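Please look over the sequence and the model before reading on. The text then goes through selected parts of the structure in turn.

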Amino acid sequence: MANMAPFAKMNGLGNEIIVADMRGRADRVTPAAAVALNADAATKFDQIMAIHDPRTPGTANYIEIINSDGSHAQACGNGTRCVVQALAAETGQKVFTFETVAGILNAEEHEDGLISVDMGIPRFGWQDIPLAEEFRDTRAIELQIGPIDAPVLHSPSVASMGNPHAIFWVDNDVWSYDLDRFGPLLENHPIFPERANISIAQVTSRETLNLRTWERGAGLTLACGSGTCAAAVSAARTGRTGRTVAVTVPSGGTLKIDWRDDDHVVMTGPAEWEFSGSFDPATGASRRDQQDVA
């Protein structure tokens, strides 16, 4: 299989990531290959981070982000941390600048192994998220699940972190909501012309949140970096927290989110390497490296 490309199976706080090395190649990972990789239990993933040669001077690489259903995502913070860890291990470099569909991302691996990613400036205008109709105040829009007089979820905050997010605020434990049932309905609601990531958030203090996310194109996930950022800035924007929070995700891990005074959102957390292998970007046929097999 001469067309094989190397990959690393990694995770960012349980967000399952495939880092695909597409440098020096003209081809792309096809939707069919993504679906095939996800169908294999060994390579099941939330996002593929395909590393390509740089397109723009001053950037290290162009990163293409592909969901498990073969669709494309504009941003993936947990995946970006995985890319940083993989490239830092390869090159010894600690600071990186990447280009994505959503724009330029700066990232850094710290001495303690944690990785910070500047996720950029959040957008709150209804056209920028985007929404299908005008809402002057996107801190809470008219959207609900359940009976009109007793909705289960209602009035989400909406924001874009390069991709669209809706955050439903709840007082109860985030696990008490049937997100695997509500998620697909809300992701594909007509109000979101590009679909949306759907999160349930519980504020536990002025500095802490609990969060569960249904990812657009991927489904339930143990962590969603851009969703964590969207929840953190929306919590601050609605007065629920300050601008620096620790967000606990379903994996049990925590991401630190800092909405800086320059409006940039910086996410800091770990990444973990699992195994390496190679795959065919056209078909998704894959094999694990022999040295990784126990």
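The paragraphs below treat a histidine and its surroundings, then the salt bridges, a helix and the nonpolar cores. The model is predicted.

A convenient starting point is His52, in strand β3, which covers residues 47-52. His52 has a relative accessible area of 2%, and because the limit for a buried residue is under 20%, His52 counts as buried. Its contacts, leaving aside neighbours within four places in sequence, are Met22, Arg23, Asp27, Arg28, Asn61, Tyr62 and Glu64. With Arg28 there is also a polar contact between the side chains, at 3.1 Å.

Arg28 has a further partner. Its side chain meets that of Glu64 in a salt bridge, with an N to O distance of 4.0 Å. This pair links distant parts of the chain: Arg28 belongs to the loop between β2 (15-21) and α1 (31-39), while Glu64 belongs to strand β4 (residues 61-67), and the two are 36 residues apart. The two ends of the bridge are not equally accessible: Arg28 is partly exposed, at 32% relative accessible area, whereas Glu64 is buried, at 12%. Both Arg28 and Glu64 are among the contacts of His52.

Asp27, another contact of His52, takes part in a salt bridge with Arg25, where the closest N and O atoms are 2.9 Å apart. Here Arg25 is partly exposed, with a relative accessible area of 21%, and Asp27 is likewise partly exposed, at 25%.

How many salt bridges does the model contain? The count comes to 14. One of them joins the side chains of Arg195 and Glu187, at 2.8 Å from N to O. Arg195 is partly exposed, with 22% relative accessibility, but Glu187 is buried, with 5%. Salt bridges also link Lys9, Glu16 and Glu274 in a network.

Helix α2, residues 77-91, can be checked for its length. At 1.5 Å a residue, its 15 residues should span 21 Å, and the C-alpha atoms at its ends are indeed 21 Å apart, so the expected and modelled values agree. Is this helix largely enclosed or largely open to the outside? Of its 15 residues, 11 are buried, so the rest of the structure largely encloses α2. The buried residues of the helix are Gly77, Asn78, Gly79, Thr80, Arg81, Cys82, Val83, Val84, Gln85, Leu87 and Ala88. Just after α2, Gly92 has a positive phi of about 80°.

Val83, one of the buried residues of α2, leads to the nonpolar interior. In soluble globular proteins, nonpolar side chains tend to be buried together. The largest nonpolar core has 47 residues, and the members that touch the most others in it are Val83, Phe98 and Ile257. Helix α4 (residues 225-237) gives the most to this core, contributing 7 residues. Which residues does Ile257 touch, not counting those up to four places away in sequence? They are Thr228, Cys229, Ala232, Arg243, Thr244, Val245, Val247, Val265, Val266 and Met267. Apart from this core lies another, of 22 residues, including Ile141, Val158, Val170 and Tyr177.

Terms used
Residues are numbered from 1 along each chain as its sequence is written. This is a predicted model: local features need pLDDT of at least 70, side-chain atom pairs count only at pLDDT 80 or more; totals for chains, interfaces and linings use all residues. Side-chain values use heavy atoms; hydrogens and water are left out. Helices (H or I, at least four residues) and strands (E, at least two) are DSSP runs, numbered from the N terminus. Buried means under 20% relative accessible area, exposed over 50%, partly exposed in between (1.4 Å probe, protein chains only). A polar contact is a pair of N or O atoms within 3.5 Å; within protein, one must be able to donate a hydrogen and the other to accept it, and residues adjacent in sequence count only if both atoms are side-chain atoms. Contact means heavy atoms within 4.5 Å. A nonpolar core is a set of buried Ala, Val, Leu, Ile, Met, Phe, Trp, Tyr and Cys residues joined through side-chain atoms within 4.5 Å. The expected span of a helix is 1.5 Å times one less than its number of residues.
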